[in-house]
Amino acid sequence: DLTGIDVRAEIERLRKERNAVILAHYYQKPELQDLADFVGDSLELSRKAAETDADVIAFCGVKFMADTAKILSPDKIVVLPDLDAGCSLEDSCPPEKFKAFREAHPDHIALTYINCSTEVKALSDVIVTSSSAETILQQIPLDQKIIFGPDRHLGGYLSRKFNREMLLWPGVCIVHEAFSETELLKLRAQHPNAPIAAHPECPPHIVDHADYVGSTSGILQYAKTMPGDTLIVATEPHIIHQMQLAIPNKTFIGAPGADGNCNCNICPYMALNNLEKLYLALRDLTPRVEIEESLRLAAKKSLDRMLEMAS
Ligand code: 13P
Ligand code: SF4
């Protein structure tokens, strides 16, 4: 029972006492984004986690992101406010099935989206994020066969854009899968001059209507430079908080789901974290992310390749 406790003041006190850095993804609740030391996309958060000199990383994001922080910064204590903050893409790709898939295609390399388990990273050759996937794919020789997992929409988007066949793992993000083309077209009819920005985790019937396709950071950057004063945003709607902070005079509208509003596109995993759980994580230094050393080293290889190739 936290009645009577000033949770924000306690977080401030504990972050100094513990020498902790608070990292938050753009899909976190505004109050978590606001008190974070750094807010970013998956690649930027990985870089911050690798570089920090803090003793504790409090990761306001989902499990695969906190795992990545631990893989890259094994000497730090990494806490995740709610250990159940998973990801439908990670769930779609059990390591034993992925291993069998790889073994069935021995002449393919595995280019793997960071939204996966540490075990799947260890079975992969190169990890990508949505902001680094295009640069990395272009560095892979054209005659090299590729397995891309677990997001079939990001894989399909890359495949179409670069006219490059890839074997796609059939995973999806349940959040981006929930946008409705019919409702999006209705919304665009109401705002005929507003461009649409979409995350590549969206299915093709959404991405095909987009004026800009990119990672969360890419979409935020586009919002700063786009023509006009209204943007339709086809990704998890909590990113709109950063857009409003950065560009207060423009209007941002979350793309709708089948019910006509954007609330069904809130990521249920990201939403498990809150201020109270962050306070408890800093106070008790649990729930902690731990990874067995040989697994960590195997997963680090493919992540290090990403960090080298993305720069
Ligand atoms: P990025 O922030 O790297 O674009 O990733 C989006 C996402 O869905 C994270 O779960
Ligand atoms: Fe996973 Fe989608 Fe949630 Fe990102 S938004 S954590 S990809 S379920």
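Helix H12, spanning residues 216–225, and helix H13, spanning residues 239–246, have axes that come within 10 Å and cross at roughly 30°, and the crossing is right-handed. On the H12 side the contact is made by Thr216, Ile219, Leu220, Ala223 and Lys224, while H13 contributes Ile239, Gln242, Met243 and Ala246. Sorted by class, this contact of H12 with H13 has 6 nonpolar, 2 polar and 1 charged residues. The model is a predicted one, and the points below take up the annotated binding site, two of its residues, and the surroundings of ligand 2.

**Annotated binding site**

- According to the UniProt annotation "binding site", which comes from an unreviewed entry, the positions covered are His25, Ser42, Tyr113, Ile114, Asn115, Ser130, His199, Pro200, Glu201 and Thr216.
- Thr216, one of the positions in that annotation, is also among the H12 residues that make the contact with H13.

**Ser42**

- Ser42, which the annotation includes, lies in helix H3, a helix that runs over residues 42–51.
- Ser42 counts as buried because 26 other C-beta atoms lie within 10 Å, where 20 or more are required for that class.
- When neighbours within four places in sequence are left aside, Ser42 is in contact with Met65, Ile114 and Thr129, and of these Ile114 is itself covered by the "binding site" annotation.

**Asn115**

- Asn115, also included in the annotation, is placed in the loop between strand S5 (108–113) and helix H7 (118–122).
- Asn115 has 26 C-beta neighbours inside 10 Å and is therefore classed as buried.
- Apart from neighbours within four places in sequence, the contacts of Asn115 are with Phe64, Cys87, Leu89, Glu90, Pro150 and Asp151.

**Ligand 2 and its shell**

- Ligand 2 is surrounded by 14 residues, of which the closest are Cys87, Ser88, Cys173, Val175 and Cys267.
- The shell around ligand 2 divides by class into 10 nonpolar, 2 polar and 2 charged residues.
- Cys87, listed among the closest residues to ligand 2, is also one of the contacts of Asn115.

**Ile174**

- Ile174 sits in the loop between strand S8 (167–168) and helix H10 (181–190).
- With 17 other C-beta atoms within 10 Å, Ile174 is partly exposed, because that class lies between the limit of 12 or fewer for exposed residues and that of 20 or more for buried ones.
- Ile174 and Leu89 are 85 residues apart along the chain, and their C-alpha atoms are separated by 8.2 Å; Leu89 is, in addition, among the contacts of Asn115.

Terms used: Residues numbered from 1 in each chain as written. Chains lettered and ligands numbered in written order. Predicted model: local features only at pLDDT ≥ 70, side-chain atom pairs only at ≥ 80, totals over all residues. UniProt positions renumbered as here; feature names shortened; annotations may be inferred. Helix = DSSP H or I, 4+ residues; strand = E, 2+ residues; numbered from the N terminus. Contact = placed C-beta atoms within 7 Å. Axes fitted to C-alpha atoms, helices over the stretch in contact; angles between N-to-C directions. Left-handed = near helix turned anticlockwise from the far one by under 90°. Nonpolar A, V, L, I, M, F, W, Y, C, P; charged D, E, K, R; others polar. Near = placed C-beta within 6 Å.
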